[in-house]
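The following exercises ask the reader to work through a protein model by inspection. Each task is followed by a solution in steps.

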Amino acid sequence: MAGLNVSIAFLFLTVGICEVVRQLSKRLLSLGAYCCLARELVGSLQLCAGCLELRMLMEIGLWGGGFGPDVALTLLFLLFVAHGASFDGASANPTVSLQEFLVLDSSLAATAAKLLAQFIGMGIGWVITKYYWSWELSDFHLIQNLMSLECSSSLHTSLSHGVFVEGVCSFLFHLVILKFHHSCPMYRVPALAATVTFLAYVAGPFTGAFFNPVLAMAVTFHCSGSSLQEYIQVYWLGPLAGMLAALLLYQGNIPRLFQKNLLYSQKSKYRIPKARVARVSGDSREQRQKKKGEKSNSEASV
């Protein structure tokens, strides 16, 4: 259990240090630079470091530590709860940033800056985690360093099935994001963490369940077993297609590309109940009859 305690300490220490850097950046940088660059860079670094450590636990802990996948999945859920609570609006995911661009929540320049920061943050997170593993603070890290010389690909299925799995994971993930976009963080953060944990449990044995192009590039692109073209199709094109399908299904259109709703009819925002309409029409009929009676009485008196 000593190795597990070291990994847990590393995860929480990473979250704490990134939160300190996040707060300092918020004070020192302008709002635009913080939102588009610093926030995404720090969030991507935090996500990459945490996922690399968890992936190591999932691969080695099953036979080297004597604990089952339930421990790693529990840590994954808690880690994404911590991410959701501390990210301060950062996505650390290119498909989420592209979704914000497509729904007109972000400009082209801001989206490009976010994507650049995500790539840099993931790269820094990978370097820091590798350096931390070189200290060999636990037996897990010693084994990981020996295995890293010939790491294996996370793609353990056919190319078409891998694209399908990553696309479906991204589709479900983005549906949850769209559904809870305006919800209270108290509900949104656990919902997203539970979704990520469930998808990792179901799809992890096939593709690793990244549904994040930059995270997949940092974790598995350098490993042997698949070509760069296969990696791009599975871990970039698959999540992108899933995001577009989720956006189209949820809204019926893609505002940045076209405004016409292809799936849902546009109805009036304000609706008058039928009973209310009938009552109003009945009242107006009674008023007309009353006025007509008064007019006839006045003519008779004359």
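The exercises below concern a predicted model and treat its fold, its aromatic pairs, its enclosed space and one buried arginine.

**Exercise 1. Overall composition**

Task: State how many helices and strands the protein has, and what percentage of its residues count as buried.

Solution.
1. The secondary structure consists of 11 helices and zero strands.
2. Read from the N terminus, the order of elements is therefore α-α-α-α-α-α-α-α-α-α-α, with helices as DSSP runs.
3. The protein has 302 residues, and 42% of them count as buried.

**Exercise 2. Aromatic pairs**

Task: Classify the ring pairs Phe10–Tyr132 and Tyr131–Trp135 as stacked or edge-to-face.

Solution.
1. A pair of aromatic rings is described by the distance of the centres and the angle of the planes.
2. Over the whole structure, the search yields eight aromatic pairs.
3. For Phe10 and Tyr132, the ring centres are 4.0 Å apart and the planes meet at 5 degrees. The limit for stacking is under 30 degrees, so this pair is stacked.
4. Phe10 belongs to helix α1 (residues 2–28) and Tyr132 to helix α5 (residues 108–134), so their contact ties together parts that are 122 residues apart in sequence. Phe10 and Tyr132 are both buried.
5. For Tyr131 and Trp135, the centres lie 5.4 Å apart and the planes stand at 75 degrees. Edge-to-face requires over 60 degrees, so this pair is edge-to-face.
6. Tyr131 has 53% relative accessibility and therefore counts as exposed, whereas Tyr132 is buried.

**Exercise 3. Further aromatic environments**

Task: Which residues form one aromatic cluster, and which residue lies over the face of Phe101?

Solution.
1. One aromatic cluster is made up of Phe210, Phe221, Tyr231, Tyr235 and Trp236.
2. Arg256 is placed over the face of Phe101, 4.2 Å from the ring centre.

**Exercise 4. The second largest pocket**

Task: Describe the volume and the lining of the second largest pocket.

Solution.
1. The volume of this pocket is about 280 Å³.
2. Its lining comprises 14 residues, and those nearest its centre are Phe10, Leu13, Thr14, Ile17 and Ile128. Phe10 is also a member of the stacked pair with Tyr132.
3. Helices α1, α2 (31–65) and α5 each contribute at least two lining residues. The largest share, seven residues, is that of α1.
4. By residue class, the lining holds 13 nonpolar residues, one polar residue and no charged residue.

**Exercise 5. The largest cavity**

Task: Determine how many cavities of 30 Å³ or more the structure holds, and which residues line the largest cavity.

Solution.
1. Rolling a probe the size of a water molecule over the atoms shows where empty space is left.
2. One cavity of 30 Å³ or more is found in the structure.
3. The largest cavity encloses about 70 Å³.
4. The lining of the largest cavity consists of Leu11, Phe12, Val15, Leu75, Leu78, Leu79 and Ala82.
5. At least two lining residues come from each of α1 and α3 (69–86), and α3 gives the largest share, four residues.
6. The lining of the largest cavity divides into seven nonpolar residues, no polar and no charged.

**Exercise 6. An arginine in helix α2**

Task: Establish whether Arg55 is buried or exposed, and name the side chain with which its own side chain makes a polar contact.

Solution.
1. Arg55 is located in helix α2.
2. Its relative accessible area is 18%, and the limit for a buried residue is under 20%, so Arg55 is buried.
3. The side chain of Arg55 makes a polar contact with the side chain of Ser154, at 2.7 Å.

Conventions: Residues are numbered from 1 along each chain as its sequence is written. This is a predicted model: local features need pLDDT of at least 70, side-chain atom pairs count only at pLDDT 80 or more; totals for chains, interfaces and linings use all residues. Side-chain values use heavy atoms; hydrogens and water are left out. Rings of Phe, Tyr and Trp (its six-membered ring) pair if their centres lie within 6.5 Å; planes under 30 degrees apart count as stacked, over 60 as edge-to-face and the rest as tilted. Buried means under 20% relative accessible area, exposed over 50%, partly exposed in between (1.4 Å probe, protein chains only). A charge sits over a ring if NZ of Lys or CZ of Arg is within 6 Å of the ring centre and within 35 degrees of the ring normal. On a 1 Å grid over the protein atoms alone, a cavity is a set of points where a 1.4 Å probe fits but cannot get out, and a pocket is an open set with protein on both sides within 12 Å along at least five of seven lines; lining residues have an atom within 4 Å of a point. Grid points are joined across faces, edges and corners, and a volume is the space filled by probe spheres set on the points. Ala, Val, Leu, Ile, Met, Phe, Trp, Tyr, Cys and Pro count as nonpolar, Asp, Glu, Lys and Arg as charged, and the others, Gly among them, as polar. A polar contact is a pair of N or O atoms within 3.5 Å; within protein, one must be able to donate a hydrogen and the other to accept it, and residues adjacent in sequence count only if both atoms are side-chain atoms.
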